[in-house]
Amino acid sequence: FDPEARAHEIAASAWFPASGGPASSTFTGIASNGADTVAVGVLNSDATQGRCARSTDGGITYATETIPTPSNGIVWDSAHGVFIALGSIGTTPKCSTSPTGDVTWTDRSTFFPTGGYNALATDGAGLVVAVGQNVCATSTDGGVSWTARTIPSGTYRGVAWTGVGFVAVGGVAGTSVCATS
């Protein structure tokens with residue numbers, strides 16, 4: 001009997017509504033560093049306006065903040081102690097970083113290679129990968145600067161670290177794509 005595994009099983013068996021967060025926003029990504037849980041997205045009436053909702057009680061209640069950039073996804077980069085939020089307006093990339101996920105966000109968009117980005121992931125050791133429509137970029141400094149990388153053609157909507165490399169997946173209109181690093 002593994003009590004920790006059982007606790008995780010019980011925690012995932014029942015879901016309850018959380019409070020806070022504006023009804024006028026759409027959240028598309030969430031990450032946690034163990035103390036702060038941060039959801040990111042956009043204002044429904046203006047998709048160029050970023051929103052984040054931060055919880056300090058394990059996701060039970062949230063306080064809403066403005067984020068400098070609209071975001072599709074977010075990761076906690078534990079190696080650099082920073083949340084990295086990523087999105088796009090068309091093919092103009094938008095990236096912001098924050099140590100806590102509250103009102104302290106820094107716009108890093110000017111350091112990002114051009115392209116429409118959808119998702120990002122970290123290896124837990126300081127490498128962050130972002131993918132999107134025919135684009136891939138990496139950061140090794142907590143999202144401050146980014147380097148364009150080559151990826152097979154496709155619209156990538158998700159990326160994950162496998163323990164030995166990254167896998168990106170996606171597709172459009174029934175055509176799937178998958179690439180590994």
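This report walks through two open sheets, a group of aromatic rings and one buried loop residue in a predicted model.

**The sheet β1 to β4**

Let us begin with the sheet of 4 strands. Its order is β1-β2-β3-β4, the sheet is open, and the pairing is antiparallel. The edge strands are β1 and β4 (63-67), and each of them pairs on one side only. From one strand to the next, the twist averages 30°. Strand β3 covers residues 46-55 and pairs with β4 in the antiparallel sense over 5 bridges. If you would like a residue pair to look for on screen, take C52, whose bridge partner in β4 is E65.

**A buried aspartate in a loop**

The loop between β1 (25-32) and β2 (37-43) holds D36. Is this residue buried or exposed? With a relative accessible area of 8%, D36 is buried, because the cut-off for that label is under 20%. Leaving aside residues up to four places away in sequence, D36 touches A31, R54, S55, T56, F83 and T100.

**The sheet β13 to β15**

A further open sheet has 3 strands in the order β13-β14-β15, again with antiparallel pairing. Here β13 (156-161) and β15 (175-180) stand at the edges; each has a single partner strand, so one side of each is left without a neighbour in the sheet. Neighbouring strands of this sheet are turned by 15° against each other on average, with direction ignored.

Strand β14 spans residues 166-172 and pairs with β13 over 5 bridges in the antiparallel sense. One residue pair to pick out is A160 with its bridge partner V167 in β14. On the other pairing, β14 and β15 are joined in the antiparallel sense over 6 bridges, and A168 stands opposite A179 in β15. These two strands, β14 and β15, form a hairpin with 2 residues between them. In the turn, A173 has a positive phi of about 50°, a handy value to check in your own backbone analysis.

The pairings described so far can be set side by side:

| Strand pair | Bridges | Example residue pair |
|---|---|---|
| β3 and β4 | 5 bridges | C52 and E65 |
| β13 and β14 | 5 bridges | A160 and V167 |
| β14 and β15 | 6 bridges | A168 and A179 |

**The aromatic rings**

Now for the rings. A pair of aromatic rings is described by the distance of the centres and the angle of the planes. The count for this model comes to 4 aromatic pairs. In one of them, the ring centres of F112 and Y117 are 4.6 Å apart and the planes stand at 85°, so this pair is edge-to-face. Both partners are well defined in terms of burial: F112 counts as buried at 7% relative accessibility, and Y117 counts as buried at 1%.

How do the rings of F112 and W146 sit against each other? Their centres are 4.4 Å apart and their planes are at 45°, so the pair is tilted. F112 belongs to the loop between β8 (106-107) and β9 (117-122), while W146 belongs to the loop between β11 (136-139) and β12 (147-149), so the pair ties together parts that are 34 residues apart in sequence. Both F112 and W146 are buried. Taken together, ring pairs link F112, Y117 and W146 into a cluster.

Notes
Residues numbered from 1 in each chain as written. Predicted model: local features only at pLDDT ≥ 70, side-chain atom pairs only at ≥ 80, totals over all residues. Heavy atoms only, no water. Pairing = 2+ DSSP bridges. Axes fitted to C-alpha atoms, helices over the stretch in contact; angles between N-to-C directions. Phe/Tyr/Trp six-rings, centres within 6.5 Å; stacked < 30°, edge-to-face > 60°. Buried < 20%, exposed > 50% of the residue type's maximum accessible area, 1.4 Å probe, protein only. Contact = heavy atoms within 4.5 Å.
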